[in-house]
Amino acid sequence: MDKVYGSATEALDGLLQDGMLIAAGGFGLCGIPELLLNAIKDSGVKDLTFASNNAGVDDFGIGILLQTKQVTKMMSSYVGENAEFMRQYLSGELELEFNPQGTLAERMRAGGCGIPGFYTKTGVGTVIAEGKDHKDFNGETYIMEEGIFADLSIVKAWKADPTGNLVFRKTARNFNPPAAMCGKTCVVEVEEIVPTGSLDPDLIHLPGIYVHRIVQGEHEKRIEQRTTRSKEAS
């Protein structure tokens, strides 16, 4: 089975439909599937739900899909750095399902492992727990969270071999592995495709069994917040 495609548009061909749930890797602007997000924007698909830590910034990452009103719901843990995300949420244009950061990651991982739900102490006694099943274990109260089973996963990796084995670079690993696991179909964009067998099996972060399509491309790698100091101060 050939998993390598010539472009992000080709890699998404036949996978997009209105109203679908998409799990996206990345944290801020680190390790986001920017090529695939641009292709989704160009496709015109709408009424999307995204499970992602956040929505990038106004003009990059998922933020470009908020600008075009292609997203109707976000399942996220962080709204900051994106003024349009905040504006749409506060005005009632965008539905938001808040998730504690670790809970969101575990919901994705659970979905990828076929686990429909799990109990966690995180969020007990807060608005996060409203309407959720409560259960006591060893005298402590937990709430049940459901696993995320996405229609599509889009992730960004550093290296891949043609079978889909992935290596992520440093903190760009973030939400990418659990996001990749929980989709019925996983499309990954990478910086480099290396020959099969060239990756050390002990250094593979995500096995190719989870990956269905791969595209290689050039990435902007924009810096979310550039912090510098003057030459005199240094």
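Reader: In this predicted model, how many bridges join strand S2 to strand S9 (residues 150-160), and in which sense do the two strands run?

Author: This is a predicted model, and in it S2 and S9, the latter covering residues 150-160, run parallel to each other. One position that shows how they face each other is isoleucine 22, which stands opposite leucine 152 in S9. The number of bridges joining S2 to S9, in the parallel sense, is 3.

Reader: Which residue of strand S3 stands opposite isoleucine 22?

Author: Strand S2 also pairs with S3 (residues 48-51), in the parallel sense and over 3 bridges. Between them the chain passes from S2 through helix H2 (residues 34-43) to S3, in a β-α-β crossover that is right-handed. Within the pairing with S3, the residue opposite isoleucine 22 is phenylalanine 50.

Reader: Which residues of strand S2 (residues 21-24) point the other way from Leu21 and Ala23, and are they buried or exposed?

Author: In a regular strand, side chains alternate between the two faces of the sheet. Strand S2 has Leu21 and Ala23 pointing one way, and these are buried. The residues that point the other way, likewise buried, are Ile22 and Ala24.

Reader: Which residue just after helix H2 takes a positive phi, and of about what value?

Author: Helix H2 itself contributes several buried residues, among them Leu36, Leu37 and Ile40. Just after this helix the backbone takes a positive phi at glycine 44, with a value of about 80°.

Reader: Why is the pair of phenylalanine 137 and tyrosine 142 edge-to-face?

Author: The count of aromatic pairs comes to 3. For phenylalanine 137 and tyrosine 142 the ring centres are 5.4 Å apart, and planes over 60 degrees apart count as edge-to-face. Both residues are partly exposed, phenylalanine 137 at 33% relative accessibility and tyrosine 142 at 21%. The pair is edge-to-face because its planes stand at 85°.

Reader: Which residues have a charged end that sits over the ring of tryptophan 158, and how far are these ends from its centre?

Author: The charged end of lysine 159 sits over the ring of tryptophan 158, at 4.5 Å from the ring centre. The charged end of a second residue, arginine 169, also sits over the ring of tryptophan 158, and its distance from the centre is 5.2 Å.

Reader: Why is cysteine 186 not bonded to the closest cysteine sulfur?

Author: A disulfide is a covalent bond between the sulfur atoms of two cysteines. A search of the whole structure finds 0 disulfides, and cysteine 113, whose nearest cysteine sulfur is that of cysteine 182 at 10 Å, is in none. Cysteine 186 is buried at 0% relative accessibility, whereas cysteine 113 is partly exposed at 39%. The sulfur of cysteine 186 is too far for a bond because the closest cysteine sulfur, in cysteine 182, lies at 8.9 Å.

Reader: What is the length of the polar contact that joins the side chains of serine 77 and asparagine 53?

Author: Serine 77 lies in the loop between strand S4 (71-76) and helix H4 (83-91). With a relative accessible area of 18%, serine 77 counts as buried. Its side chain is joined to that of asparagine 53 by a polar contact of 2.5 Å.

Reader: Is glutamine 70 buried or exposed, and at what relative accessibility?

Author: Glutamine 70 has its place in the loop between helix H3 (63-67) and S4. Its C-alpha atom is separated by 18 Å from that of alanine 8, 62 residues apart along the chain. Glutamine 70 counts as buried, with a relative accessibility of 5%.

Definitions and conventions. Residues numbered from 1 in each chain as written. Predicted model: local features only at pLDDT ≥ 70, side-chain atom pairs only at ≥ 80, totals over all residues. Heavy atoms only, no water. Disulfide = S-S within 2.5 Å. Buried < 20%, exposed > 50% of the residue type's maximum accessible area, 1.4 Å probe, protein only. Phe/Tyr/Trp six-rings, centres within 6.5 Å; stacked < 30°, edge-to-face > 60°. Lys NZ or Arg CZ within 6 Å of the ring centre and 35° of its normal. Helix = DSSP H or I, 4+ residues; strand = E, 2+ residues; numbered from the N terminus. Pairing = 2+ DSSP bridges. Right-handed = clockwise from strand over helix to strand, strands pointing away. Polar contact = N/O pair within 3.5 Å; in protein donor to acceptor, adjacent residues only side chain to side chain.
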